[in-house]
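Here are my notes on the model you sent, set out as numbered points for reading beside the coordinates. Please keep in mind throughout that this is a predicted model.

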Amino acid sequence: LAMGVALGLTIAWVIAPVQYINADAADLRLTYKEDYLRLISATYQVDNDLRAAREQIAQLGFANSAQAFNNLITRENQAGRAATLAALAHLAQDLDLRVPALALITPTPESDAPHSAVTATPTPSAFRIAEKIALTCNDAPNDAQLKFFVRDAQGRDLPNIAIEIRWANGEEIIVTGLKPEQGLGYADFDAAPGNYSAKIQNAASENATDLLIGAAPANCKTDKGATPRGWKIIFRQK
């Protein structure tokens, strides 16, 4: 019996432990929920899509969203993280949440903007392209993608950084950190065939140009990597 129990525990805990895949956001630990709340707020700073932000927060399953904002804003204020604090305060105010911690934030008297209670720290001012690699259909067998990694000068991931993507018929802004399983400095964009460029928004950033995406080849093996089906771009702070 003892050997059986020991063997069962070894299998369950070491050899084949339970792996959770595609869990709901509401099932995450509080620290991860707060990470997502930071990222939702940062995204709202870029797109001002209040409906999307409200839906994303609802998926986190907070018992009291106002209290969640209050706790996080209090800690961010104490830590002096101005950019994150600005994003959280902006979204909390637009959601009309009663967040007492907002009163603790030092106002900025010279600004008359509706959300002048906080001043955001600007995006780090200079980025270079550290790596630019074309991906083939072997790397992207399904959808073609532009994959971005944004890092500081020491090589650490930078979340909440907006990347501006342009092509012939449009443009879009994406934000790093929304897929933390890929890294806090990661962001991607599903791309149709065409020619794209990308740079860090609101920063002295090198522009990644000629990001050509070709149509999916009929046979990936015979294509032998000739058709670009995506790009891996690493932006690094100077």
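**Notes on the predicted fold**

1. Strand 2 and strand 5 run antiparallel and are joined by 5 bridges. Within this pairing, Phe148 stands opposite Ala187 of strand 5. Strand 5, which spans residues 186–190, is mostly covered, since 4 of its 5 residues are buried.

2. A further group of strands deserves a separate look. Here 4 strands form an open sheet with antiparallel pairing, and their order is 4-3-6-8. Strand 4 (170–175) and strand 8 (208–213) stand at the edges with a single partner strand each, so one side of each has no neighbour in the sheet. From one strand to the next, the twist averages 25 degrees.

3. Inside that order, strand 3 (residues 162–167) pairs with strand 6 (residues 194–200) in the antiparallel sense, over 5 bridges. If you wish to find the register on screen, Ile165 is a convenient place to begin, as its bridge partner in strand 6 is Ala198.

4. Which cysteines are joined? A disulfide links Cys137 to Cys220, with an S to S distance of 2.0 Å, and the count for the model comes to 1 disulfide. Cys137 lies in the loop between strand 1 (126–135) and strand 2 (145–151), whereas Cys220 belongs to helix 6 (residues 220–223), so the bond ties together parts that are 83 residues apart in sequence. The torsion about the S-S bond is about 100 degrees, and the disulfide of Cys137 and Cys220 is therefore right-handed.

5. The two ends of this disulfide fall into separate accessibility classes. Cys137 has 6% relative accessibility and counts as buried, because the cut-off for that class is under 20%. Cys220, with a relative accessible area of 23%, is partly exposed.

6. Turning to the helices, helix 2 (residues 30–47) packs with helix 5 (residues 82–94) at an angle of about 80 degrees, and their axes are 8 Å apart. Helix 2 is thus roughly perpendicular to helix 5. Residues of helix 2 in this contact include Leu37, Ile40, Ala42 and Tyr44, and among those they meet in helix 5 are Ala86, Ala87, Leu88 and Leu91. Sorted by class, the contact of helix 2 with helix 5 has 8 nonpolar, 4 polar and 2 charged residues.

7. Two backbone positions should be checked by eye. Most residues other than glycine have a negative phi. Asn160, however, has a phi near 65 degrees, a positive value in a residue that is not glycine. Asn160 is in the loop between strand 2 and strand 3, and it is partly exposed, with a relative accessible area of 28%.

8. The other position is Asp210, which also is not a glycine and has a positive phi of about 55 degrees. Asp210 is found in strand 8, one of the strands at the edges of the open sheet described above. Is Asp210 buried or exposed? At 51% relative accessibility, Asp210 counts as exposed, because the cut-off for that class is over 50%.

9. Some overall values may help to place these points. The protein has 6 helices and 9 strands, and 36% of its 238 residues count as buried. Among contacts between residues at least 6 apart in sequence, 64% join residues at least 24 apart.

Key:
Residues are numbered from 1 along each chain as its sequence is written. This is a predicted model: local features need pLDDT of at least 70, side-chain atom pairs count only at pLDDT 80 or more; totals for chains, interfaces and linings use all residues. Side-chain values use heavy atoms; hydrogens and water are left out. A disulfide is a pair of cysteine sulfur atoms within 2.5 Å. Helices (H or I, at least four residues) and strands (E, at least two) are DSSP runs, numbered from the N terminus. Buried means under 20% relative accessible area, exposed over 50%, partly exposed in between (1.4 Å probe, protein chains only). Two strands pair if DSSP finds at least two bridges between them. Axes are lines fitted to C-alpha atoms, for helices over the stretch in contact, and angles run from 0 to 180 degrees between N-to-C directions. Angles under 35 degrees count as roughly parallel, over 145 as roughly antiparallel, 65 to 115 as roughly perpendicular and the rest as oblique. Contact means heavy atoms within 4.5 Å. Ala, Val, Leu, Ile, Met, Phe, Trp, Tyr, Cys and Pro count as nonpolar, Asp, Glu, Lys and Arg as charged, and the others, Gly among them, as polar.
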